[in-house]
Structure formats: C-alpha cells, structure tokens
Amino acid sequence: MTLKLFDPMLMIGISLAIVFLMPIWKALGGKKLAWAVSVLLYAFNTLFMIGVAYRATLYPEGLIIKIGGFKPPFGIVLHVTFWGAVLSTFVWFVAFLSIMYASTRYDAEPADVYYALLTLLALGSSGMFLTGDIFNLFVFTEITALAAFGLSAFMKKKGTAYATIKYIIMAEVASAFLLVAIALLYGKLGTLNMLDAQQTLKTVGMTGAMVLSVLFFLVGYGVEAEIFPLNLWAPDVYKYVPEEVIALFISGSSKAAAFAWLRMWVMVFGVPQKMLQTMLWIGIVTFAFAEVMAYSQKSFRRALGYASLGQAGLVFVAISLGSELALKAAFLLMINHILSEAILFYIAGNIGEDGAPANVRIPLVFGFLGAVSMPPFIGFWGKIFLFMALAKAGYWVMFVLIALFSIVEIAYMYKWFISLYKGTGKMDLVRSFSPIMLTLVSFAMWFMPFVPKIMDLLDLAIKPFLQKGVM
Amino acid sequence: MRLKHILAWVFVILFVGVVAYSLQTEVPFGHDLTKLAKYYVDNTAKETGIPNFVTAIVVSYRGFDTLGEVTVLLLATLGVIGILPWEKHEKVKKAHPVLLWGIRIVFPIILLVGVYIVIHGHLTPGGGFQAGAVIASAFMLYMVSLSTHLDLEAFAFTESIAGTGFALIGVAGIFAGGAFLYNFLPKGNLFDLFSGGIIPIVYILIGLKVSSELTEVVSHMMKGGAEQ
Amino acid sequence: MTVVNFLIYVLMGLMVVMAIIAAETKNLLSAAIFSGFISLVVSMLFVYLQAPDVAMAEAAIGAALSLAIILFAIKRTGEVEEK
Amino acid sequence: MMFYIAALSLIGIGLYVVLTKKNLVKVLIGISIADSGVNLLLISVGYLKGGTAPILEKGLNKPMVDPVPQALVLTAIVIGVATLALAMAVVIDVKRHFGTVELDKVIKMMRGGDGSDA
C-alpha cells in the first residue's frame with residue numbers, strides 16, 4: 001500500500017512545481033534559498049527514485065502509470081522499468097553532486113536561472129528514462145535539449161557561444177527528423193504508445209516506411225547519444241562548458257538519448273535483423289573515430305570529451321546488438337561511463353597552475369581505471385559481456401576492432417594519468433566532495449556481480465526484456 | 001554552383017522522393033482513421049465532456065505533453081534570460097502621438113480577443129497557446145511602438161503562479177483519482193461554457209503562462225544583453 | 001479539379017518557390033519575411049486540411065512571433081549574408 | 001500526395017540551407033522553414049477525405065479528420081518557437097563575441113588560437 005506512494009508522476013509534478021516557483025524562491029530568500037531548495041529537491045528525488053526502482057522490480061513487464069486515468073494507448077503512460085529507474089536515480093544523484101559543486105561557482109549569474117536549468121535538465125532526462133509514449137519521449141527530449149543549450153551557453157564566453165551554436169543547429173535538425181519519424185510511425189501503426197506500437201508492428205512488419213522511421217529515429221537521438229558523425233558538436237562543448245554541467249550531460253542527456261534509442265530499437269522495432277549490421281558498424285566507427293581523435297588531443301578536457309564519445313559508441317554497439325548478454329553489457333557500460341567520466345570531469349575542472357589536485361588522487365586513479373573499463377570498476381564486466389556477446393553472435397571482425405581500439409584507449413589514458421598524477425595542486429574541500437562520493441559509489445558498485453543477491457539486480461534489469469521484449 | 005550545392009540538392013531531392021513515395025504507398029493521403037483516432041472521435045465527448053476534440057486531447061488525454069511543452073517555453077525564457085540578461089534600463093523615448101493613440105485603441109482590443117479565445121478554448125477553435133501568442137503579440141506591439149519596457153517581474157510571477165497551478169492540479173489528480181492530471185471536477189453539459197471539469201481551468205492557466213513567457217522572451221530578444 | 005483544389009495547388013507551388021527564394025537570397029531581411037509568408041501559407045493549408053486550431057496557432061506563433069524573433073535577431077546581428 | 005511532396009520539399013529546402021549556408025541567422029531561418037514543413041506533414045498524415053474539423057457541432061454528424069496529429073502539431077509549433085528564440089539568443093551572443101555570425105569565420109577565429117580557454 002505504501003509502495004503506491006512511489007509514483008514517479010509525484011516526483012515529476014513536485015519537481016516541476018518547485019522549478020516554476022523559482023522566481024518566488026528568489027524573491028523570498030535570494031539565490032541562497034534557490035540553491036537550498038534545489039539541493040533538497042535533488043536529494044529527495046534520488047531517494048524517491050530508489051523507491052520507484054524497487055517498486056518497478058515487482059512488475060514483470062515494468063510498472064505502467066496511467067496519466068489522466070485513461071487506459072493505454074489512448075492516454076499517455078509512464079512505463080517504468082528497473083533499468084530506466086536506476087539510470088534516473090543516477091541522474092538525480094549526479095545532479096545533487098553537481099549542485100553541491102556549483103555552490104562554489106560565483107560566476108554563474110543569474111544563479112536562480114542556473115539552478116532551474118540544472119533541475120530541468122535532470123528532470124527532462126529522467127522523463128526520457130521513464131516515459132512509455134513516443135511523442136511524450138519527444139517532448140522530454142526537447143526539454144532536455146533546451147536545458148542543455150541554456151546551460152551550455154550560460155557562461156557567455158567565447159568558447160561556450162561557439163560550441164553551443166553548433167550543438168543547437170545539429171540538435172534542431174535532429175528534432176525535425178524525429179518529428180518526421182513520428183509522423184511515419186503514427187501514420188503506419190496508428191498508435192503512439194510504445195507497447196502498443198510493438199504489438200502492432202509485429203503484424204505490420206518492417207516495411208519501407210518503418211525502415212525510414214528507424215533511420216530518422218537514429219538521426220534524432222544520435223545527436224545527443226553522440227553517434228558518429230552527429231557527435232561533432234560534443235568535444236567543443238565538453239571543452240568549454242563548466243564541469244558540473246558536463247557531468248550532468250554525461251549522466252543525463254547523453255544516457256537518456258541512448259536509452260531512448262534502446263527503447264525504440266529493441267522494444268518498439270524489435271532489433272530488425274536486416275539493419276543490424278549497419279548499426280553495429282556505425283557504433284564501431286564511432287568508437288574507433290573517437291579513440292583515434294582522443295589520442296592526438298593536447299587538452300585533457302578535449303581528450304576526455306572524445307573518450308566519452310568512444311564510450312557512447314560502445315554503448316551503442318551493445319544496444320544495437322540487442323541480445324541478452326549485450327544488453328547486460330550496455331547496462332553496466334552506461335553506469336560505468338556515468339561514474340568514471342563524471343569523476344574525471346570534476347577533477348579536470350580543477351587543474352590549475354600546479355597541475356592536477358593532489359588531494360583527490362584516489363578518485364583520480366579510480367576515474368582512470370573506470371575510463372578504460374578496468375577493475376575495480378563494473379565497466380570491466382560490461383566489456384567482458386560485450387566481447388562475449390559479439391563472439392556468441394559471430395562478429396569476430398568487430399571483436400578484434402574493439403579490442404584494438406581499447407588498447408589505443410589504454411595507451412592515451414595512461415599517458416594522461418602519468419602527467420596528471422604528478423600534479424601538486426589543491427582542490428577546494430567543498431568541490432572535492434563530488435568526486436569522492438562518486439568514487440565511493442563506484443567502489444560499492446564493483447561488488448555488485450560478486451554478491452548473489454545483488455547480482456540479481458542485473459537480471460532484474462534484463463528480465464522484462466527476456467519475458468516480454470520490454471525495456 | 002559549387003559541387004557542395006549540387007550534392008546538397010541531390011540529397012534533398014532524394015530525401016523528398018523516397019519519403020514521399022513510401023508515405024504515399026503505405027499511408028496514402030486522406031486514408032482511413034487510425035485506431036487511436038477512431039477511439040477519440042467516438043468517445044471524447046463522452047469521456048471529457050467538451051466538443052473541441054483537439055483541446056480534449058491537448059489538455060486531457062495528452063495533458064502531460066502540454067505540461068512538458070509549457071516547460072519547454074519556460075526553458076526558452078530561462079535560456080534567453082541567462083544568455084541575454086537585462087541589465088540597464090534605458091530611458092523611455094517620447095512616442096509619436098499617432099502611435100500613442102493608436103496603441104491605446106488597438107491594445108485593449110487585441111487583449112480582449114486573446115481573452116475570448118482562451119475562455120472558449122474548449123468550445124471553439126483556439127485555446128491557451130493561440131491566446132497566449134495573441135496576448136504576447138499585443139504586449140510586443142506595445143513595447144515596439146512606444147519603445148518602452150514592461151515590468152518583467154510581474155510577468156515572471158504570473159508565469160510562475162500559472163505553471164505551479166498547472167503542476168499542482170496534476171498532483172491533486174493523483175490524490176483525488178489516482179492518476180496525474182485526473183479530471184476530478186464535474187464535467188457539466190456538453191457545449192456549456194462551464195463544462196469539462198479541469199480542462200478550461202488548465203487551458204486558462206496555460207494561456208497565462210504562455211503569454212507571459214512569450215512576452216518575456218520577446219522583450220529580452222529586443223533589449224536584453226545590449227550593454228556589455 | 002475544383003477551383004478550391006486549383007487554388008490550393010497554386011498556394012503550395014508558391015510556398016515552395018518562396019522557400020527556394022528564402023534559401024537563395026543574400027538579404028536576410030527578405031529571407032525572414034519569406035519564411036513568415038511560408039508560415040502564413042501553411043496556416044491557410046491547415047484550414048483546408050480541417051485543422052482550425054493548428055491554423056490559428058501557426059498564424060499567431062509561426063508567422064507573427066517567430067518572424068518577430070528573427071527580425072529582432074537580424075536587427076542586432078546584421079542584415080546581409082556575406083557569402 | 002501533393003501535400004506530402006509540398007511538406008517534404010519545405011523540410012528538404014530547410015535541410016539544404018543548413019547544409020550549405022554559413023550565416024547562422026540564415027541557418028536558423030532554414031530550420032524554421034523545415035519546422036513549418038514538418039507541421040504540414042504531420043497534419044497531412046492525419047487528413048481524412050471528406051472529413052470535417054474535429055469539433056463537435058450541434059446536430060451535425062459528419063466524419064471527422066484525425067485530431068491526434070493536430071494536438072501533436074500544436075505542441076510542436078510551440079516547441080519550435082521556443083527553440084528558435086533560444087537559438088537566436090545564442091546567435092546574438094556569438095555576434096557579441098566574434099563580431100560576425102558567419103560560421104566559417106567564427107571557426108577560423110576559434111582555430112586561430114584566439115579562443116583558447118577564454
């Protein structure tokens with residue numbers, strides 16, 4: 001009975017009300033109150049989403065929340081699976097860390113607007129993880145995208161303006177493609193509900209219009225999921241935009257777009273075999289391109305940006321493969337990517353005259369280990385699962401290519417690690433809270449596959465897929 | 001014409017041809033209603049109690065989308081305020097008397113039209129968005145012709161109250177009927193002005209929110225961030 | 001083909017021609033005005049396609065407000081495209 | 001059919017502008033044209049031959065066109081103007097920093113070591 005209280009709509013409604021009231025918070029207590037309200041909200045939402053994730057495990061096909069009380073497919077529904085809820089928890093957690101970190105940032109003015117944008121970015125990506133309606137997914141994509149544009153241009157510097165306008169143009173074209181894809185899908189299937197579309201598509205089959213629709217969905221989500229060649233905006237954004245925002249981009253908009261692609265590709269379209277090869281190659285090219293580019297970078301943040309694209313490519317390969325092992329790999333790689341890159345970006349923002357800060361060396365080591373998917377990081381299991389999945393499906397060429405470029409990744413990461421480890425700088429005590437917290441979480445995560453009871457978590461994430469093809 | 005242009009045209013023509021062909025063969029223009037549309041056409045009047053089905057879908061069946069949409073507008077406002085902050089207030093120029101009198105006559109009429117559109121949003125074409133845009137354009141006309149500034153804080157508060165009202169009506173639905181945005185008010189008679197439960201209320205809130213947000217956006221586009 | 005149908009086809013042709021002119025002209029001001037006209041024609045087509053709600057929204061938002069926003073931006077960034 | 005072609009042509013021309021033009025304002029005008037095209041496409045998909053507007057009238061009982069795409073397009077139009085405004089604000093910011101809105105010049109300035117971590 002009490003579990004019923006963990007209604008994700010409650011979280012979304014309350015968060016929206018609090019964001020809408022931002023001018024009032026500011027009038028009442030200045031930007032301090034705006035900050036405090038946001039911190040409380042993020043902490044509350046993180047805990048709340050853990051509850052939602054637990055509740056979602058009780059439903060084999062995922063928890064379906066009707067909005068407005070209309071039965072699907074006629075009303076909008078939220079379709080909460082364990083996977084989506086876990087990623088959404090991470091978004092709010094990283095948002096919490098980011099806003100703690102941002103409390104020492106005095107150049108972000110007007111501050112209440114900054115906090116509102118951070119909240120809406122987290123909320124938008126959270127909605128993308130939870131919704132079960134294709135057009136609603138589009139609306140949340142736009143919320144996420146606009147919040148990302150606003151945050152990305154917020155510092156009003158030369159670099160941010162330049163990086164943001166490229167991002168905006170690409171994302172806008174992508175959103176036009178998304179709408180065309182929705183028009184094709186709606187015209188053909190006559191529904192916007194994901195579960196219903198999945199069922200209808202089984203009777204219709206992958207006709208020409210549906211193939212076009214898949215391609216346009218790929219373009220639409222590819223920009224934010226950072227798929228080559230739609231990811232060319234990303235390195236500049238990752239270089240110029242403040243690190244706490246980047247941490248939120250990685251855990252929020254980029255993962256949400258990848259998850260949206262997962263929902264469309266695996267759940268709605270059911271991994272169409274005739275397009276599988278193409279998708280895999282797109283992922284491999286993304287990975288290879290990113291690693292080669294990262295190798296030749298002179299700025300650490302740009303290198304990290306490209307490394308992050310590489311990770312996105314791996315996740316894309318895993319999702320597109322769409323088998324049980326591959327999806328497990330995708331789940332682990334996503335979490336690994338969120339944790340490790342966020343740690344590294346938090347630290348990269350504090351590299352000053354004396355080099356990297358010396359008081360956060362342990363998080364630094366952890367971040368680098370995570371970035372190359374080495375133990376003790378769950379990405380290690382993710383990569384193992386991915387290799388197993390590729391071998392099982394018989395894609396040996398891709399197996400070798402991924403292994404090869406992983407070595408490239410280890411090579412340049414090692415180079416950066418050596419030069420950063422020598423640093424003698426110092427990180428603000430308040431700021432170092434964020435990477436340390438993430439390190440603790442990632443250390444705890446490492447034990448996940450060792451403890452049988454917790455290992456089930458991975459199965460829980462995959463179970464709805466095995467039973468009903470639902471993500 | 002350079003090669004790039006020719007390639008771009010070829011790409012565009014291919015795009016148009018392929019998509020138009022597959023659409024026409026699989027979803028011919030003027031085709032029968034889809035499953036969703038049939039349901040809405042048959043049941044909307046019964047389930048929501050209002051005759052304008054588009055409004056019913058926008059506010060009731062897909063009300064959550066609309067909440068997201070006003071959030072998108074809020075984001076545009078926040079982004080524009082963040083990127084083009086409004087720092088100094090310029091001196092107000094004295095407007096030409098013709099403009100002064102013209103705007104005094106036109107401004108209330110446009111406002112009235114906007115109010116009419118939003119109040120009848122559930123009966124006739126139009127509603128919160130259209131009215132919001134009309135009202136915002138009235139304010140824009142006011143600012144452009146008198147080259148003056150409006151008190152943006154008042155707009156920010158209106159928008160904030162209206163948005164919060166929308167979200168809280170949604171949350172109230174969870175407790176009243178077990179679903180977000182559940183229509184918990186009596187639906188009244190079809191075609192009456194006071195009918196449709198929460199739908200007219202929500203649409204008026206949307207109208208307030210959209211109009212104040214668009215006004216804020218436009219005024220920041222006009223003057224914001226000018227002095228740096 | 002009835003008169004209305006004929007007029008609709010003429011409107012659509014006009015719309016595409018205006019789009020091409022907007023794409024190729026060097027003067028941003030006229031490109032913006034043409035894009036406003038396109039929105040207006042599209043809203044007329046919406047009326048033909050039995051979508052009065054959308055027609056109102058497109059005319060008020062797409063034609064008027066978008067155009068205003070583009071014009072304010074052009075006023076602040078310069079009128080002529082260089083290449 | 002003609003409606004599909006017209007709508008897709010608008011999208012195509014918008015894409016052409018994005019692909020070939022360097023002026024940022026022009027590119028955004030192109031995107032706004034493409035947005036109009038997308039809206040027209042969605043409405044055309046929901047059209048029913050001989051249907052009336054989806055608004056019930058007393059004593060009138062004729063088939064109606066599909067109301068769903070109309071609701072979607074209402075949302076899409078508002079989202080379009082929101083993104084356009086935000087994008088234009090960023091373009092104004094670009095103008096303030098670089099003194100130009102030609103993308104190739106801006107890129108050249110950034111590459112020229114001018115915009116290190118400024």
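I begin with a single residue: Gly322(A), which follows helix α12(A), has a positive phi, near 70°. The helix before Gly322(A) runs over residues 300–321 of chain A. At 1.5 Å a residue, its 22 residues should span 32 Å, and the end C-alpha atoms of α12(A) are indeed 32 Å apart, so expectation and model agree. As for its surroundings, 20 of the 22 residues of α12(A) are buried, so the helix is largely enclosed by the rest of the structure.

I should say at once that what we are looking at is a predicted model. For the complex, the predictor gives an ipTM of 0.93 and a pTM of 0.94.

Let me widen the view to chain A. Its secondary structure comes to 18 helices and two strands. The radius of gyration of chain A is 21 Å, close to the 23 Å that the globule rule gives for 471 residues, so chain A is as compact as a globular protein of that length. Along the principal axes, the C-alpha trace of chain A spans about 65 × 60 × 45 Å. Of the 471 residues in chain A, 65% count as buried. If we take the contacts in chain A between residues at least 6 apart in sequence, 79% of them join residues at least 24 apart.

I turn now to how the chains meet. Which chains share the most contacts? Five pairs of chains touch, and among them the pair with the most contacts is A and B. That contact takes 44 residues from chain B and 49 residues from chain A. On the side of chain B that touches chain A, the elements giving two or more residues are α1 (3–26), α2, α3 (53–61), α4 and α7 (152–177) of chain B. The largest share of this side, 15 residues, comes from α4(B). By class, the side of chain B that touches chain A holds 25 nonpolar, 14 polar and five charged residues.

The contact of chain C with chain D takes 39 residues from chain C and 39 residues from chain D. On the chain C side, α1 (3–24), α2 (28–48) and α3 (52–77) of chain C each supply at least two residues. The most comes from α3(C), with 15 residues. The residues of the side of chain C that touches chain D divide into 26 nonpolar, seven polar and six charged. Chain A and chain C, by contrast, do not touch, and their nearest C-alpha atoms are 14 Å apart.

Next, the interior. The largest nonpolar core has 366 residues, of which Ala85(D), Met88(D), Val90(D) and Val91(D) touch the most other members. Helix α6 of chain A, residues 158–189, gives the most to this core, with 23 residues. Which residues does Ala85(D) touch, not counting those up to four places away in sequence? Its partners are Ala76(B), Val80(B), Val217(B) and Met221(B), together with Ile69(C).

Helix α3 of chain B deserves a moment. Is α3(B) enclosed or open? Nine of its nine residues are buried, so α3(B) is largely enclosed by the rest of the structure. Among these buried residues are Phe53(B), Ile57(B) and Tyr61(B), as well as the polar-named Thr55(B) and Ser60(B). The buried residues of α3(B) pack against α2, α4 and α8 (198–223) of chain B, and also against α3 of chain C and α3 (67–98) of chain D.

A further detail lies in chain C, where Gly36(C) is found in helix α2 of that chain. With 22 C-beta neighbours inside 10 Å, Gly36(C) counts as buried, because the cut-off is 20 or more. Leaving aside neighbours within four places in sequence, Gly36(C) is in contact with Ala63(C) and Leu67(C). The C-alpha atoms of Gly36(C) and Ser66(C) are separated by 7.7 Å, although these residues lie 30 apart along the chain.

I close with confidence. Chain B averages a pLDDT of 84, and 93% of its residues score at least 70. In chain B, confidence is lowest in helix α2 (residues 35–48), at a mean of 84, and highest in helix α4 (residues 63–83), at 91. For chain D the mean pLDDT is 87, and 93% of its residues reach 70 or more. Where in chain D does pLDDT stay under 50? It does so over residues 114–118 of chain D, for which the model has ten contacts beyond four places in sequence.

Note on methods: Residues numbered from 1 in each chain as written. Chains lettered and ligands numbered in written order. Predicted model: local features only at pLDDT ≥ 70, side-chain atom pairs only at ≥ 80, totals over all residues. Contact = placed C-beta atoms within 7 Å. Helix = DSSP H or I, 4+ residues; strand = E, 2+ residues; numbered from the N terminus. Nonpolar A, V, L, I, M, F, W, Y, C, P; charged D, E, K, R; others polar. Rg over C-alpha atoms; globule rule 2.2 N^0.38 Å. Buried ≥ 20, exposed ≤ 12 C-beta atoms within 10 Å, placed from the backbone. pLDDT = per-residue confidence, 0-100. Core = buried A, V, L, I, M, F, W, Y, C linked by C-beta atoms within 7 Å. Expected span 1.5 Å × (residues − 1).
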